[in-house]
Amino acid sequence: MKIENLIGSVGGDLKDDLVEELLHRSRRKVDRALKRIRRPEAAVGIVKSPLGDLLVATSARGVALAHYLHDDSDLTVTIAKLRSDFDPVEDQRAVAEVGNEVRRYLAGDLEALRQNIDLTLVGHSFQKRVLGKLQAVPRGAVISYQALAAASGAPNGARAVGNALHDNPVPIYVPCHRVISSDGRIGGYGGGVARKIQLLRSEGFALDNSQGRIPDNIVWGHKGTKIYCRRSCRTTAHVDRTRIFFFADPKQARRAGMRPCKICRPA
């Protein structure tokens, strides 16, 4: 029976009650539909840091964006991209702690980066997998693009990894600066090589802005054996390099739970 026939077949008060019930059901359906399509809010603001101005967005889940700002047009484009997943609300106080954490981190506070991370702006499953694996690279260490690709299930996907890192919405917190070329070259960085060097220096690497490679005094740490070696150790000639972290020094390797090689006896 059609709704209008059903309504017409009842009288007075019953008709009103039925109409009210139908309207109530419709409203609930509309509310559920709106809840599915409504974008969550994100607090947005610009914070000062030793790395320059950062456009920061934080959601209920954590830091969703930490973008190195270049100019006003860059700000406009980035906000437009943010709107695809969030309803941005300017709130300088809400994002201020991100700037404080970054400053403390660059000053040497190992535990400074306490914010949770929201990867809503990561659009592809491969990129999300790469960024997830990247978070296992400890402070004071770097990994090659090739090794990160292998860890992400794409051993021949070094170039794809580079693209995924370039579009990382939460640099610093998701440390894409810790990825280098397999031959030791620093490689690129979405925020510029100078910022990459600045971050790596804060994590213990002896670099200056003229260097395009990690220094020779690094040690190699194997993710499987948990053993670290001098770069000149004879065992490194046979090791699977996709399983290697490069540590700034033995102290950083030990902090990550590695033990020294009995053959080359690194300090």
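Me: I gather that two strands pair if DSSP finds at least two bridges between them. Which residue in β9 is the bridge partner of W220?

Reply: The general idea comes first: strands of a sheet pair through backbone hydrogen bonds, either parallel or antiparallel. In this predicted model, W220 has F246 as its bridge partner in β9. Four bridges link β7 and β9, and the pairing is antiparallel.

Me: Which residue in β8 is the bridge partner of W220?

Reply: That partner is C229. Strand β8 covers residues 227-230, and three bridges join it to β7 in an antiparallel run. The two strands form a hairpin with four residues between them, and K226 in the turn has a positive phi of about 60°.

Me: How do I read the two sides of strand β7, and are its residues buried or exposed?

Reply: Look at which way the residues point. In β7, which spans residues 219-222, V219 and G221 point one way, while W220 and H222 point the other way. All of these residues are buried.

Me: What is the strand order of the sheet?

Reply: Read the order across the sheet: it goes β6-β5-β9-β7-β8-β10, an open sheet of six strands with mixed pairing. Its edges are β6 and β10 (259-260), and each has a single partner strand, so one side of each is left without a neighbour in the sheet. Further in, β5 (residues 141-144) pairs with β9 (residues 244-247) in the antiparallel sense over two bridges. There, A141 stands opposite F247 in β9.

Me: Let's move to β2. How many of its residues are buried?

Reply: Five of its five residues are buried. On one side of β2 sit L54, V56 and T58, and on the other L55 and A57, so to speak two covered faces.

Me: Why does T58 count as buried?

Reply: The cut-off for buried is under 20% relative accessible area. T58 has a relative accessibility of 12%, and therefore counts as buried. Its place is in strand β2, residues 54-58. Leaving aside residues up to four places away in sequence, T58 touches A42, A43, V63, A64, A94, V95 and V98. One of these contacts also shows up in the strand pairing: T58 stands opposite V63 in β3.

Me: Which way do the strands next to β2 run, parallel or antiparallel?

Reply: Take them one by one. β1 (residues 41-47) runs antiparallel to β2, with five bridges joining the two, and V47 has L54 as its bridge partner in β2. β2 and β3 also pair in the antiparallel sense, over five bridges. For the turns, look at the glycines: the hairpin of β1 and β2 has six residues between the strands, and G52 there takes a positive phi near 105°. In the hairpin of β2 and β3, with four residues between the strands, G62 takes a positive phi near 150°.

Me: Now a helix. Which residues of α5 are buried?

Reply: In α5 (residues 125-134), the buried residues are Q127, V130, L131 and L134. Looking down the axis of α5, you find them within an arc of 95°, so they line one face of the helix. These residues pack against α6 (145-151), α7 (158-166) and β6 (179-180).

Me: What is the volume of the largest pocket, and which residues are closest to its centre?

Reply: Its volume is about 610 Å³. The lining has 24 residues, and the closest to the centre are H67, K81, H166, D167 and N168. Elements giving two or more residues to this lining are β3 (63-68), α3 (72-82) and α7. The largest share, five residues, comes from α3. By class, the lining holds eleven nonpolar, nine polar and four charged residues.

Me: And which residues are closest to the centre of the second largest pocket?

Reply: They are Y105, L110, V137, R139 and R178, out of 17 lining residues. The volume of the second largest pocket is about 320 Å³. Its lining divides into ten nonpolar, three polar and four charged residues.

Me: Last one: which residues line the largest cavity?

Reply: The lining is made of S144, Q146, S182, R241 and F246. By class, that is one nonpolar, three polar and one charged residue. The space inside is about 30 Å³. You have already met F246, as the bridge partner of W220 in β9.

Note on methods:
Residues are numbered from 1 along each chain as its sequence is written. This is a predicted model: local features need pLDDT of at least 70, side-chain atom pairs count only at pLDDT 80 or more; totals for chains, interfaces and linings use all residues. Side-chain values use heavy atoms; hydrogens and water are left out. Buried means under 20% relative accessible area, exposed over 50%, partly exposed in between (1.4 Å probe, protein chains only). The arc is that of the directions from the helix axis to the C-beta atoms. Contact means heavy atoms within 4.5 Å. On a 1 Å grid over the protein atoms alone, a cavity is a set of points where a 1.4 Å probe fits but cannot get out, and a pocket is an open set with protein on both sides within 12 Å along at least five of seven lines; lining residues have an atom within 4 Å of a point. Grid points are joined across faces, edges and corners, and a volume is the space filled by probe spheres set on the points. Ala, Val, Leu, Ile, Met, Phe, Trp, Tyr, Cys and Pro count as nonpolar, Asp, Glu, Lys and Arg as charged, and the others, Gly among them, as polar.
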